[in-house]
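Trainee: Please give me a careful, close look at a single part of this model, and then lead me outward from there, step by step.

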Amino acid sequence: SRLMKTKAFILTALLWTNTAFGSNNQFVDFFNTVRSLTADFTQATYNAEFELTSSMSGNLMFQRPQQLRWHTTSPSEQILLLNNNELWQVDTELEQAVLQKTKDLSKTPLYWLVNKPEDIKHTPKFSHTAGGIDWYLATNPDAQSIEFGFVNGLLYAITLNDGLGGLISITFENLLVNPYLNQKTFELTIDPNFDIVK
């Protein structure tokens, strides 16, 4: 019938439109849709000989425009807390909270996480596929190179140089896109006995 043909045409047009205006860049597509994010992470550091030198795990919570809580729970508890322009390093074992001096996030890996793709000068470009992971490489003259790995359109891993000839690899599990996050999550709340270093 004419109605069925019209519906089929509209559906085809919608699919074509989505394809035509898609960026074919998983990094851009993913971070354009992310307003908030939670995930568990495992971070491994390798030396120049690719021997494992340290590993840690924890969870992260992230919300635009510039809020991030990177909570390492093992082997010791540390929190990296970004709330707008304040970046705190909280060490539970040392009982101290240190306000980081850097205000320019473009020199840190956080730059690619907290900015939308259209605001990034060096948008990661597709590099290669290995082990079912699509890798996107970002090269920023002001900071170290960093790669983002995607599986089925979702962020799976980040790798970057540690500045000493080694490699840092971070993998994510239980990733949730756009969950509701309480604003208090990103407030600095510490034990009164902690030292505050500014």
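Mentor: Pro 65 sits in the loop that connects strand 2 to strand 3, where strands (E, at least two residues) and helices (H or I, at least four) are DSSP runs numbered from the N terminus. The peptide bond that leads from Arg 64 into Pro 65 is cis, with omega near 10 degrees. The model is a predicted one, in which local features need pLDDT of at least 70 and side-chain atom pairs count only at pLDDT 80 or more, while totals for chains, interfaces and linings use all residues. Residues are numbered from 1 along each chain as its sequence is written, and side-chain values use heavy atoms, with hydrogens and water left out.

If you follow the chain onward, you come to Pro 75, which is placed in the loop between strand 3 and strand 4. The bond from Ser 74 to Pro 75 is cis, with omega near 10 degrees.

The two strands beside the loop of Pro 65 take us inward, to the largest cavity, which is lined by Phe 31, Leu 37, Leu 60, Phe 62, Leu 68, Trp 70, Leu 113, Leu 155, Ile 158 and Phe 172. Strand 2 (52-63), strand 3 (67-74) and strand 10 (154-161) are the elements that give two or more residues to this lining. A cavity here is a set of points on a 1 Å grid over the protein atoms alone where a 1.4 Å probe fits but cannot get out, whereas a pocket is an open set with protein on both sides within 12 Å along at least five of seven lines, and a lining residue has an atom within 4 Å of a point.

Trp 70 and strand 3 then lead us to the largest pocket, where Gln 43, Trp 70, Leu 80, Pro 109 and Leu 110 lie nearest the centre among 25 lining residues. Strand 3 is one of the elements that give two or more residues to the lining of this pocket, as are strand 4 (78-83), strand 5 (86-91), helix 3, strand 9, strand 10 and strand 11 (167-177).

Phe 172, named in the cavity lining, deserves a pause. Residues up to four places away in sequence aside, Phe 172 touches Ala 39, Asp 40, Phe 41, Leu 60, Trp 70, Leu 155, Tyr 156, Ala 157 and Ile 158, a contact being heavy atoms within 4.5 Å. Phe 172 is named with Phe 27, Phe 148 and Leu 155 as having the most contacts inside the largest nonpolar core, which has 33 residues. Such a core is a set of buried Ala, Val, Leu, Ile, Met, Phe, Trp, Tyr and Cys residues joined through side-chain atoms within 4.5 Å, and buried means under 20% relative accessible area, exposed over 50% and partly exposed in between, with a 1.4 Å probe and protein chains only. Helix 3 (residues 110-114) gives the most to this core, with five residues. Apart from it stands a second core of seven residues, including Leu 81, Trp 88, Val 90 and Leu 99.

Phe 27 and Phe 148 bring us to the aromatic rings, since they form one aromatic cluster with Phe 30, Phe 31, Phe 126, Tyr 136 and Phe 150. There are eleven aromatic pairs in the structure, counted where ring centres of Phe, Tyr and Trp (its six-membered ring) lie within 6.5 Å, with planes under 30 degrees apart called stacked, over 60 edge-to-face and the rest tilted. The pair of Phe 30 and Phe 150 is edge-to-face because its planes stand at 70 degrees, with the ring centres 5.7 Å apart. This pair links distant parts of the chain, as Phe 30 belongs to helix 2 (residues 26-33) and Phe 150 to strand 9 (residues 146-151), 120 residues apart. Both residues are buried.

Past strand 9, in the loop that leads to strand 10, lies Asn 152, which has a positive phi of about 55 degrees although it is not a glycine. Its relative accessible area is 77%, so Asn 152 is exposed. Asn 174, which lies in strand 11, has a positive phi of about 55 degrees and is not a glycine either; at 57% relative accessibility, Asn 174 counts as exposed.

To set these parts in the whole, the protein chain has three helices and twelve strands, and buried residues make up 38% of its 198 residues.
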